[in-house]
Amino acid sequence: MNLERILHSQGFGSRKLCRILILNNEVTVNGEPCDDPAADFDTTGLHFTVKGEAWEFREKAHLMLHKPAGYECSLKPAIRPGVHSLLPALLRERGVQNIGRLDEDTTGLLLFSDDGQFIHRMSSPKWKVPKIYEVTLKHPADTRIAQTLMQGVQLHDEPEPIAALNCVLINEHVLHLTLGEGKYHQVKRMIAAAGNRVEALKRIAIGRLVLPDDLAAGMWRWLSEDDLAKLARGQT
Ligand code: URA
């Protein structure tokens with residue numbers, strides 16, 4: 001693929017802008033400066049820098065964000081800033097979108113991609129990819145709340161009771177709740193239906209992919225092959 005197309009495909013702007021970057025000597029490829037927009041490269045494992053910043057060619061983008069509180073999961077946020085503003089402009093430019101939504105006050109693991117098949121697989125109700133939430137409860141609870149949530153609770157506007165796939169009480173104010181669907185405010189509504197209230201909510205895992213301890217709130221990183229394999233295995 002020629003260098004101008006490579007940069008364009010990775011989100012560095014229009015073809016014209018990419019050509020200018022290259023002609024202005026702002027680009028190196030595999031460690032060597034290159035000022036020829038038409039120069040052809042094998043994209044497999046290609047490393048390049050633009051204005052001194054290092055990148056690796058990725059045909060599709062797959063990434064995770066540790067969502068902080070106070071951000072909306074919408075492309076057109078109404079009140080608070082959008083989660084997309086936490087990503088570099090080139091990822092927005094190449095059209096990555098968040099997979100599913102977390103409420104503005106919910107923190108934790110949020111996936112993004114521009115890979116249509118991946119987005120479909122991760123969000124399709126058919127695959128029921130389990131999501132694990134750490135729920136901080138307002139009122140002290142005992143193991144009965146876990147039993148109630150595992151047996152199923154009736155939510156307003158739902159035809160059938162909804163049951164958690166798993167529920168573990170960590171202490172009287174914290175439980176880990178695993179859900180197979182992602183209905184509107186589902187955790188908050190289920191906890192309310194079980195007679196308690198959510199004080200804080202954090203998504204700590206999707207399938208077998210756990211939010212890494214060293215990924216601070218507001219930070220993002222690429223998904224590794226290992227992460228993608230964990231997501232694929234986590235499907236039921
Ligand atoms: N359930 C909720 O109630 N809120 C979230 O953000 C995610 C799941």
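**A tour from L177 to the aromatic cluster**

Select L177 to begin; setting aside neighbours within four places in sequence, its contacts are K131, I132, Y133, V135, L149, A164, N166, C167, V187 and I191. The model on screen is a predicted one. Next, add V135 to the selection. The largest nonpolar core holds 49 residues, and V135 and L177 are the members that touch the most others in it. A second core, separate from that one, has 14 residues, among them I99, I119, L223 and L231. As a general background, nonpolar side chains in soluble globular proteins tend to be buried together.

**Strand β8 and L137**

Now select residues 131-137, which make up strand β8, and pick out L137 within it. Is L137 buried or exposed? Its relative accessible area is 2%, so L137 is buried. Beyond the neighbours within four places in sequence, L137 is in contact with I145, E172, H173, L175, I191, N196, R197 and E199. For a sense of distance, draw a line from the C-alpha atom of L137 to that of L215: the separation is 24 Å, and the two residues are 78 apart along the chain.

**Strand β5 and H66**

Keep L215 in view and select H66, a residue of strand β5 (residues 62-67). H66 has 9% relative accessibility and therefore counts as buried. Which atom of L215 lies 2.7 Å from a polar atom of the H66 side chain? It is the backbone oxygen of L215. Leaving out neighbours within four places in sequence, the contacts of H66 are G108, K202, L211, L215, A216, A217, G218 and M219.

**The loop between α1 and α2**

Go next to Q10, located in the loop that joins α1 (3-9) and α2 (15-23). Q10 counts as buried because its relative accessibility is 5%, under the 20% limit. Show its side chain together with that of S9: the two side chains make a polar contact at 3.1 Å. Apart from neighbours within four places in sequence, Q10 is in contact with F48, E56, F57, R58, L90 and R94.

**The aromatic pairs**

How many aromatic pairs does a search of the whole structure find? The search finds three. Select F12 and F48 for one of them: the ring centres are 5.9 Å apart and the planes stand at 70 degrees, so this pair is edge-to-face. F12 is in the loop between α1 and α2 and F48 is in strand β3 (residues 47-50), so the pair links distant parts of the chain, 36 residues apart. Both F12 and F48 are buried.

Leave F12 selected and add W55. F12 and W55 are also an edge-to-face aromatic pair, with 6.0 Å from centre to centre and 80 degrees between the planes. This pair links distant parts of the chain as well, from F12 in the loop between α1 and α2 to W55 in strand β4 (residues 53-56), 43 residues apart. F12 counts as buried because its relative accessibility is 16%, and W55 counts as buried because its value is 12%. With F12, F48 and W55 shown together, the view holds one aromatic cluster.

**Last stop: R58 and W222**

Finish with R58, already listed among the contacts of Q10. Show W222 with it: R58 lies over the face of W222, 4.1 Å from the ring centre.

Conventions. Residues numbered from 1 in each chain as written. Heavy atoms only, no water. Core = buried A, V, L, I, M, F, W, Y, C linked by side-chain atoms within 4.5 Å. Buried < 20%, exposed > 50% of the residue type's maximum accessible area, 1.4 Å probe, protein only. Contact = heavy atoms within 4.5 Å. Helix = DSSP H or I, 4+ residues; strand = E, 2+ residues; numbered from the N terminus. Polar contact = N/O pair within 3.5 Å; in protein donor to acceptor, adjacent residues only side chain to side chain. Phe/Tyr/Trp six-rings, centres within 6.5 Å; stacked < 30°, edge-to-face > 60°. Lys NZ or Arg CZ within 6 Å of the ring centre and 35° of its normal.
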